[in-house]
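Work through the exercises below with the model open. Try each task before reading its solution.

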Amino acid sequence: MLKSKAGEEKVDTLLSKSQIPIIDLAHCGTEECPIRSVVNRVGGQLFRALTEKGIALLVNHGIPEEKIKLAYTHLDEFCKLPDDTKEMYLRKDGNHGYIKPGQERFDGVTKDFRHTFNICTLKPEAPLPEEPIPGFREHISDLARDFQRLSSLVLQALAVGLDQPHKYFLEKHTHILDGESENQSTFRLLYYPPLIEDDGKNELLRGTCKYSQQRCAKDEIDLSIPEDYRKKMAEEREQLEEEERVAKYSRCGAHCDYGTFTLLAQDSEGGLEVKLPGTDKWKRVGHLPGAILINAGELLATWTCEKIAALPHRVVIPEEEALKSRGRHSMAFFVHPDNCTDIEPIELPSSSSSNSLESMDKKPKNRKKSFKTAKTKIYNAYQHVQRRFKETYAS
């Protein structure tokens, strides 16, 4: 499942166009006590990257590529197990456990076609497939700890970038991987199966992505129609074609992550797309071997009054045959605050006091708007993520 093909078709990506910031962690990513000067430098770079692009690539982070590839191998072994064995580890009451393809709908509509294993705690009693896959628990737990230490560096750097004390965010993330009763952070292993064409029907069995062209009702062009209107209709037609391309099943529907930030490792490009801040177009990210991608989540956006925006992203079925016919692996570390953490906007130095006072003086236009605001208010980190889980698994 980890095979790669030479001669892969070249496509334009944000990385190939140098539109993604690359941040060097100077091998301090997994250190218990990172060098303060590195934290300060990374803080400034990370703040600029997330405010301007919503995304960055971290290099020299200290997590060996071989360790990550071995985790992909363990996940492959799990996916090959009989269905009744895999179902022993299904996600049930909480978020920990196995999620079968089609169970998640991140955009509320499309089923996500992938195998997922969530790890929310490393306690000995946590159900992990150690018996059918010897070495799974030890290796995955060790790798999860590496990502946890890397997240500690990022949390300190974010605090520096926001002109807060070094431990401002660390103190709000003290129970990562201690269990869902304390913290909703999750180490997630992902495998997207290859797509296989059904001979004779020319349709994709896995992912069932159908491509079709939208046709005009008339062959002739009405030249009396204003140019701007024709342009608008063309854009709408293009949007419909895009929706057909994503189709009924996608590898992962469009969404923003729920927590503070996400650290993502992936084995190849394979369809990851994002919308950069201030844009409406989906762009391919690209793959930098050995790098770990970071993107902001919804809670960090709330903390920073949207100064750092949560990044919309998705994984689509690639059109290139070389990418379509092989599986895609990734692992994501979703970093969340402790459950009881109240999410209140930080008073950023760049915001003027006059603007703040002006916004405080504004009154709701009507009582309905006031009630709506109260209904959607985020009270703490736990309430926010539980609301989002209900939306994702509503079906």
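Two strands count as paired if DSSP finds at least two bridges between them. The model is a predicted one.

**Exercise 1. Give the strand order of the open sheet of 8 strands, and find its edges.**

Step 1. The order is 1-2-14-11-16-6-5-3, and the pairing is mixed.
Step 2. Strand 1 (22-24) and strand 3 (97-99) each have a single partner strand, so one side of each lacks a neighbour in the sheet. These two strands are the edges.
Step 3. From one strand to the next, the twist averages 25 degrees.
Step 4. Now take one pair. Strand 2 (residues 55-59) and strand 14 (residues 292-296) run antiparallel and are joined by 4 bridges. Within this pair, Leu58 stands opposite Ile292.

**Exercise 2. Which strands do helix 1 and helix 4 touch as they pack on the sheet?**

Step 1. Helix 1 (residues 36-52) touches strand 1, strand 2 and strand 14. Its direction makes about 170 degrees with that of strand 1.
Step 2. Helix 4 (residues 136-161) touches strand 2, strand 5 (115-119), strand 6 (186-192), strand 11 (261-266), strand 14 and strand 16 (328-335). The angle between the directions of helix 4 and strand 11 is about 130 degrees.

**Exercise 3. Check the span of helix 4, then its burial.**

Step 1. Helix 4 has 26 residues; at 1.5 Å a residue, the expected span is 38 Å.
Step 2. The end C-alpha atoms are 37 Å apart, which agrees.
Step 3. Buried means under 20% relative accessible area. In helix 4, 19 of the 26 residues are buried, so the helix is largely enclosed by the rest of the structure.

**Exercise 4. Which residues line the second largest cavity?**

Step 1. The whole structure holds 3 cavities of 30 Å³ or more. The second largest has about 60 Å³ of space.
Step 2. Its lining consists of His61, Glu65, Ile68, Tyr72, Ala265, Gln266, His287, Leu288, Gly290, Ala291 and Ile292.
Step 3. Helix 2 (65-79) and strand 11 are the elements that give two or more residues to this lining. Helix 2 gives the most, with 3 residues.

**Exercise 5. Where are Ala26 and Asp163 found, and how exposed is each?**

Step 1. Most residues other than glycine have a negative phi.
Step 2. Ala26 has a positive phi of about 55 degrees. It is found in the loop between strand 1 and helix 1. At 32% relative accessibility, Ala26 is partly exposed.
Step 3. Asp163 takes a positive phi of about 60 degrees just after helix 4. Its loop runs between helix 4 and strand 6. With a relative accessible area of 55%, Asp163 is exposed.

How values were computed: Residues numbered from 1 in each chain as written. Predicted model: local features only at pLDDT ≥ 70, side-chain atom pairs only at ≥ 80, totals over all residues. Heavy atoms only, no water. Axes fitted to C-alpha atoms, helices over the stretch in contact; angles between N-to-C directions. Contact = heavy atoms within 4.5 Å. Expected span 1.5 Å × (residues − 1). Buried < 20%, exposed > 50% of the residue type's maximum accessible area, 1.4 Å probe, protein only. 1 Å grid on protein atoms, 1.4 Å probe; cavity = no way out; pocket = protein on both sides within 12 Å on 5 of 7 lines; lining within 4 Å. Points joined across faces, edges and corners; volume = space filled by probe spheres on them.
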